[in-house]
2 protein chains.
Amino acid sequence: MTQDPQHILVNTLKRLLRRNSRPHLRKIVNRAHPVDLARAFPALSLPQQQNLFGLIRNPESQGILLTELDRDVLQTFTAALPLPNLIHIMERLPEDDVADLVGQLPEDTGQALLKGMKRQQSKDIGDLLRYDEDSAGGIMVPGFIALPESTTVRDAIRQLQKAHSDVEMTFYLYVIGAHERLAGVCSLRELVTAKPEIPLSAIMTREIFTVQADTDQEDVARMVARYDLLAIPVVDTEQRMLGVVTVDDVIDIIREEATEDILKMAGAGDDFVETKSVLSSIRIRLPWLLASCAGGVAATFIIGYFEPTLERLIYLTAFIPVIMGMGGNIGTQSATIVVRGLAMERIQTQRLAPVVLKETAVGGILGFVYGALLGAVAHAGYALWRLGLVVALAVIFTMTLAAGIGALLPMSFARFKIDPAVATGPFVTSAIDILSLTLYFALANLFFSF
Amino acid sequence: MTQDPQHILVNTLKRLLRRNSRPHLRKIVNRAHPVDLARAFPALSLPQQQNLFGLIRNPESQGILLTELDRDVLQTFTAALPLPNLIHIMERLPEDDVADLVGQLPEDTGQALLKGMKRQQSKDIGDLLRYDEDSAGGIMVPGFIALPESTTVRDAIRQLQKAHSDVEMTFYLYVIGAHERLAGVCSLRELVTAKPEIPLSAIMTREIFTVQADTDQEDVARMVARYDLLAIPVVDTEQRMLGVVTVDDVIDIIREEATEDILKMAGAGDDFVETKSVLSSIRIRLPWLLASCAGGVAATFIIGYFEPTLERLIYLTAFIPVIMGMGGNIGTQSATIVVRGLAMERIQTQRLAPVVLKETAVGGILGFVYGALLGAVAHAGYALWRLGLVVALAVIFTMTLAAGIGALLPMSFARFKIDPAVATGPFVTSAIDILSLTLYFALANLFFSF
């Protein structure tokens, strides 16, 4: 079995930590990317983590490592880190990362940290913390370079040389017009290739995408992905710039949102819990299973109600799982296609009727295929044409309705601004289970009564 | 109901097309972003599409519009577009986009297009087409700026001014050392802020992430996301640069791969099919349902085998759906968490035993909770302690095993380099269905026989 590099790194670190071979460790730790060291942290004990962390020379790398830790690992680790060290590291990180970290720390640690940092930085981070963490304001960096539109290219380059090197990912220069409003943007490329004496207003692009501080981060990510942007300015209602959302944060959002949707669809929470304890996993998964359990109990009542029929026609039992299964599966397919289609903007909320009709048609045709197949199986197995017919019709009706419901529920959820990913879980399956059982027994009563 | 801007755009375009009010149309078409126009295309007829497309002034915008169309819409539209027009447009697009388009067109159209384009560009695109479309080579742009390390900052800026403006997303300047090997990278920011007379070798960063042309695009995307890169150079085995993968393409890959995983988990294909016809939807969804159908037929045999037991104890039937449902749902939860964890590198393939054990523990504890609950329901409903006990034990065993299997299958798939997303579908559910039924009836036979 080949080992991936991350696995090799963890094993090497562990071996060297056991031997306490500090010169080797120091070399590896300062050559590895802090992101990779952060991934190794959960596999190490707290003293091992502290040992490694102390060997990192560059406080900025220490900071990047901290930003990449999971909440629980981060809390344990920082609780054991002296506050002055933490402050020293934080002062070298971009404000949005510090704000994220503070949001993950216990409140008193966060407050102590902010109090200890330089005044301006602490104020900027405090401002960021006021925004919802899932909004543009919560993910923006307050550091950017903005100059008046009359500035010449020569002066702009000079300003650029003077600007703090901690301005993140500088590839655009923002241009400010009358009333402090954002007027346009220049790329560094344009700046470098323009004549030194002309003003920025002559080379800037005036058509510029912006978002408000309260824009949902998912919408920000969608705009950046849609229009291939590297950064998008965040403005207030007067078009004055507050900060910039950069593409590296957008990538994280896109991955997080996909994870959230996937986990929600399976009723496994909305945040990644693998590294969490067994107990918190249980707490997250219990409610969804409760919904499915309630659906199951409803099914026992339906079967109980039809018990006289079943007693007479015991072979009906054999087809309960396959009818429920086919309905559940095609319903999940339809729901998943609609949920992902909505997230990717491939389906518009307004097109409810055509989407539901198309899925129902797909369900109907597939229902005929599998209805015929399973009806034939039933007829062959029990030599009863009535059973074959009941099974076939039950499969056809169930699959048609299941596909329709699977599409209808998330579309309706989206219309009412409820997250459609929730709809693929127990709602769809329980509704389909109850429907398919009732249909099956009703058909059986009908066909076996004459 | 509020309408989203995209919906308003489509309606406005349709209304103006019906009225054939060309001045209005021209204004809207040239103000809208070509990406948004592309999204409107599927809702329009071919003559309407042609009408709109002809009103776009800038051939580059026409090109961007084409790159954003779905394959079927693109093929119909380009089939009706005169070849010289198409060539004129393609010559203004980045090579990787043209290569993508050519890959989606019928082979003869693609060949004719390449033959008609300028020689160098046509050669570059032909080179790109030789790489697997899911590899770094298939998504890179061959245009980049690379200069020898002895070049001074002043000369580098001059070169930048001379370079073609069609070099995509320039924010890095690559530096070439001995034997044409990639030696380092400078950001434009560093270039602008450095003294004009020093050589690039003095300011460049030497530690640089690279990928090979055959690196899988998913691995490229993971590196870019992990290390917050804006672009990553693609090199050959001698470290000579072949091209650059830019962050905007990485975002598309991340979204596509998430969609692929989500659809695979629900057995709904691996590419988005919403815009495709009912028939192609059916073709994609049929095989997965067949696997689920086979599992269902197996269940009929198991129930048939235990028919004598069922005849004697008809009330056992009522709990078949809830036992199968609880097993299926917890199995799906575990499988989903593992599949997404692997994709996000939160779970390492090597840690098979701890991951499976943890999921089994979660399944066991949740099994006890729901086993007790459903056992009590059974006892209360039928006043039979034996039934209560059988249901409780069946739920406990089923949920424990289901969670373990749900984790084990994708972990094993990943070890053998099979896509784990496939494992969450019919394999997991069918295996669990058969297991839970057998367990339930075996327990019933055991407890009701004395």
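**Exercise 1. A methionine and its core**

In this predicted model, find which residues B:Met90 touches when residues up to four places away in sequence are not counted.

*Solution.* Start at B:Met90 and set aside those sequence neighbours; what is left is B:Leu66, B:Val98, B:Leu101, B:Leu113, B:Met117 and B:Gln121. Next, place the residue in its wider setting: the largest nonpolar core has 140 residues, and B:Met90 is among those that touch the most other members, together with A:Phe53, A:Leu66, A:Met90, B:Phe53 and B:Leu66. Then look for a further cluster: a second, separate core holds 90 residues, including A:Met399, B:Leu289, B:Val297 and B:Ile330. As background, nonpolar side chains in soluble globular proteins tend to be buried together.

**Exercise 2. Relating the two chains**

Work out what kind of axis relates chain B to chain A.

*Solution.* First, superpose the copies: a turn of 180 degrees and a shift of 0.1 Å along the axis lay chain B on chain A with an RMSD of 0.1 Å. That is the relation of a two-fold axis. Now check the surfaces: both copies use the same one, since 100% of the contact residues of chain B recur in chain A. Finally, keep the scores in view: the model has an ipTM of 0.80 and a pTM of 0.81. Chain A has an average pLDDT of 87, with 96% of its residues scoring at least 70.

**Exercise 3. Two helices in chain A**

Decide whether helix 2 and helix 4 of chain A are roughly parallel or roughly perpendicular to each other.

*Solution.* Begin with the geometry: helix 2 (residues 22-31) of chain A packs on helix 4 (residues 46-55) of chain A at an angle of about 70 degrees, and their axes are 9 Å apart. Angles from 65 to 115 degrees count as roughly perpendicular, so helix 2 and helix 4 of chain A are roughly perpendicular to each other. Then pick out the residues that meet: helix 2 of chain A brings A:Arg22, A:Leu25, A:Arg26, A:Val29 and A:Asn30, while helix 4 of chain A brings A:Asn51, A:Leu52 and A:Leu55.

**Exercise 4. Buried or exposed?**

Classify A:Ala266 and A:Trp385 as buried or exposed.

*Solution.* Take A:Ala266 to begin with, in the loop between helix 16 (247-265) and helix 17 (278-305) of chain A. Its relative accessible area is 3%, so A:Ala266 is buried. Its contacts, leaving aside neighbours within four places in sequence, are A:Trp288 along with B:Thr332, B:Gln333 and B:Thr336. A:Arg285 is 19 residues from A:Ala266 in sequence and 9.5 Å away in space, C-alpha to C-alpha.

Now turn to A:Trp385, which lies in helix 21 (residues 385-415) of chain A. With a relative accessible area of 52%, A:Trp385 is exposed. Between A:Trp385 and A:Gly375 there are 8.6 Å in space, C-alpha to C-alpha, and 10 residues in sequence.

**Exercise 5. Positive phi in chain B**

Locate B:Asn20 and B:Lys417, and say what is noteworthy about their phi angles.

*Solution.* Recall the usual case: most residues other than glycine have a negative phi. B:Asn20 is not a glycine, yet its phi is positive, about 50 degrees. B:Asn20 sits in the loop between helix 1 (5-19) and helix 2 (22-31) of chain B, and its relative accessibility of 44% makes it partly exposed. B:Lys417, also not a glycine, has a positive phi of about 60 degrees. B:Lys417 is in the loop between helix 21 (385-415) and helix 22 (426-447) of chain B; at a relative accessible area of 70%, B:Lys417 is exposed.

Notes: Residues are numbered from 1 along each chain as its sequence is written. Chains are lettered from A and ligands numbered from 1 in the order in which they are written. This is a predicted model: local features need pLDDT of at least 70, side-chain atom pairs count only at pLDDT 80 or more; totals for chains, interfaces and linings use all residues. Side-chain values use heavy atoms; hydrogens and water are left out. A nonpolar core is a set of buried Ala, Val, Leu, Ile, Met, Phe, Trp, Tyr and Cys residues joined through side-chain atoms within 4.5 Å. Buried means under 20% relative accessible area, exposed over 50%, partly exposed in between (1.4 Å probe, protein chains only). Contact means heavy atoms within 4.5 Å. pLDDT is the predictor's confidence in each residue, from 0 to 100. Copies are superposed by least squares on the C-alpha atoms of residues with pLDDT of at least 70 in both. Axes are lines fitted to C-alpha atoms, for helices over the stretch in contact, and angles run from 0 to 180 degrees between N-to-C directions. Helices (H or I, at least four residues) and strands (E, at least two) are DSSP runs, numbered from the N terminus. Angles under 35 degrees count as roughly parallel, over 145 as roughly antiparallel, 65 to 115 as roughly perpendicular and the rest as oblique.
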